[in-house]
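Please open the structure in your viewer and keep the selection tool at hand. The tour below proceeds stop by stop, stating at each one what to select and what is found there.

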Amino acid sequence: MRILLTNDDGVHAPGLKVLEEIARQFSDDIWICAPSEEQSGAGHSLTLTRPVRLNKLGDRRFAVTGTPTDSVMMALRTVMDSPPDLILSGVNRGANLGDDITYSGTVSAAIEGALAGIRSVAFSQVYAREGMGDDVPFGAAREWGAKVLAPLIEAPLAERTLINVNFPALPPEQVKGIRVVRQGFHDYSRGSIVEGRDPRGYRYFWFGLDPIEHTMDHGTDLEAIDDGYVAVTPLQLDLTHYSTIGILAERFAD
Ligand code: MN
């Protein structure tokens, strides 16, 4: 089995090393193609206004001066001589739960894989934000990664679907199990925008990540993580809201 790995925190991110450990339990044919620098929050963006460079870092290991989506495209079209059987994205430093998904470079790399018709799974490690900085503990992902991935490799999946996995912010022995759940939604809040002055006196703005309030709907990814479970959510690329088609069609009828 040939596996492609990527990570929106960049090719040197600690979570990518954790993902490689997980993937090597299933195959030795591991390819890595990831952004040169952190691309968190890049969503499903594609670099169109400047050239993208490809740097070979080692055997089957490449860095792309672009987004997570650029990295998957480069891997599939330029880097690899034959397509992978599986694409894994992560393990992201931080949650990708509820409506985080559309902002997420981690999930978007898996979306790009699903668009190409390749089985794709996104992994994220939730962490308790206070005082962590560079030292996010990936223990839950490291211990539970292979257990979650094994059934996903064989499970029948519909076309244009992908899997979003989040590991709870707990030591591995305290994780209660795995739940398959739907996507939840945060109560709308995107945190603060910090305003300041740079060393030359020019005003800047910096998007903050305050803790986000959410209502714990039953059966959601947010609830599963809050309860101490690994959350597994199948996602689809068809964003159509079907019942509204009829409602709108009536409005536009002659
Ligand atoms: Mn990230």
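**The metal site**

Begin with the donors of the manganese ion, whose spacing along the chain is D-D-x30-S-x51-N. This is a predicted model, and every value quoted on the tour is computed from it. Select D8, D9, S40 and N92: the ion is coordinated by D8 (OD), D9 (OD), S40 (OG) and N92 (OD1), at 2.1 to 2.3 Å.

Now keep D9 and N92 alone on display. D9 belongs to the loop between β1 (2–6) and α1 (14–23), while N92 is part of strand β5 (residues 86–93), so the pair ties together parts that are 83 residues apart in sequence. Are these two donors buried or exposed? A residue counts as buried when its relative accessible area is under 20%. D9 has 8% relative accessibility and therefore counts as buried. N92, at 5%, counts as buried too.

**Strand β5 and the loop after it**

Remain with strand β5 and select V91, which is placed in this strand. Display the backbone between G90 and V91: the peptide bond that joins them is cis, with omega at about -5 degrees. As background, most peptide bonds are trans.

Next, select S104, in the loop between β5 and α3. With a relative accessible area of 4%, S104 is buried. Which residues does S104 contact, once its neighbours within four places in sequence are set aside? They are G43 and N96.

**Helix α1**

Select α1, residues 14–23. Seven of its 10 residues are buried, so this helix is largely enclosed by the rest of the structure. To display the buried ones, choose G15, L16, V18, L19, E20, I22 and A23. What covers them? The cover includes the strands β1, β2 (29–35), β4, β5 and β6 (119–125), together with the helix α4.

Keep G15 visible and add V136, which lies in the loop between β6 and α4. Draw a distance from C-alpha to C-alpha: V136 and G15 are 9.1 Å apart in space, and 121 residues apart in sequence. V136 has a relative accessible area of 9% and is buried. Apart from residues up to four places away in sequence, V136 touches R93, Q125 and Y127.

**Two arginines with positive phi**

Turn now to the backbone angles. In general, most residues other than glycine have a negative phi.

Select R60, in the loop between β3 (54–58) and β4 (61–64). R60 is not a glycine, yet its phi is positive, at about 55 degrees. At 27% relative accessibility, R60 counts as partly exposed.

Then select R160, in the loop between α4 (139–154) and β7 (161–167). The phi of R160 is also positive, near 60 degrees, in a residue other than glycine.

**The second largest pocket**

Rolling a probe the size of a water molecule over the atoms shows where empty space is left. Switch to a surface display and look for the second largest pocket, which holds about 550 Å³ of space. To find its centre, select I101, Q183, L235, Q236 and L239, the closest to that centre among the 21 residues of the lining. Two elements, α3 (105–115) and β11 (229–236), each give two or more residues to this lining. Which element gives the most? It is β11, with four residues. Colour the lining by residue type: 10 residues are nonpolar, eight are polar and three are charged.

**The whole protein**

Finally, clear the selections and view the entire chain as a cartoon. The protein has six helices and 11 strands. Its radius of gyration is 19 Å, close to the 18 Å that the globule rule gives for 254 residues, so the protein is as compact as a globular protein of that length. Along the principal axes, the C-alpha trace spans about 55 × 55 × 50 Å.

Colour the residues by accessibility to see how burial is distributed; of the 254 residues, 45% count as buried. Consider, last, the contacts between residues at least 6 apart in sequence: 76% of these join residues at least 24 apart. The pair of D9 and N92, from the metal site, is likewise drawn from parts that are 83 residues apart in sequence.

Terms used
Residues are numbered from 1 along each chain as its sequence is written. This is a predicted model: local features need pLDDT of at least 70, side-chain atom pairs count only at pLDDT 80 or more; totals for chains, interfaces and linings use all residues. Side-chain values use heavy atoms; hydrogens and water are left out. On a 1 Å grid over the protein atoms alone, a cavity is a set of points where a 1.4 Å probe fits but cannot get out, and a pocket is an open set with protein on both sides within 12 Å along at least five of seven lines; lining residues have an atom within 4 Å of a point. Grid points are joined across faces, edges and corners, and a volume is the space filled by probe spheres set on the points. Ala, Val, Leu, Ile, Met, Phe, Trp, Tyr, Cys and Pro count as nonpolar, Asp, Glu, Lys and Arg as charged, and the others, Gly among them, as polar. Donors are N, O and S atoms within 2.8 Å of the metal (3.2 Å for Na, K and Ca); water is not among the atoms, so sites may look incomplete. Buried means under 20% relative accessible area, exposed over 50%, partly exposed in between (1.4 Å probe, protein chains only). Contact means heavy atoms within 4.5 Å. The radius of gyration is taken over C-alpha atoms; the globule rule is 2.2 Å times the number of residues to the power 0.38.
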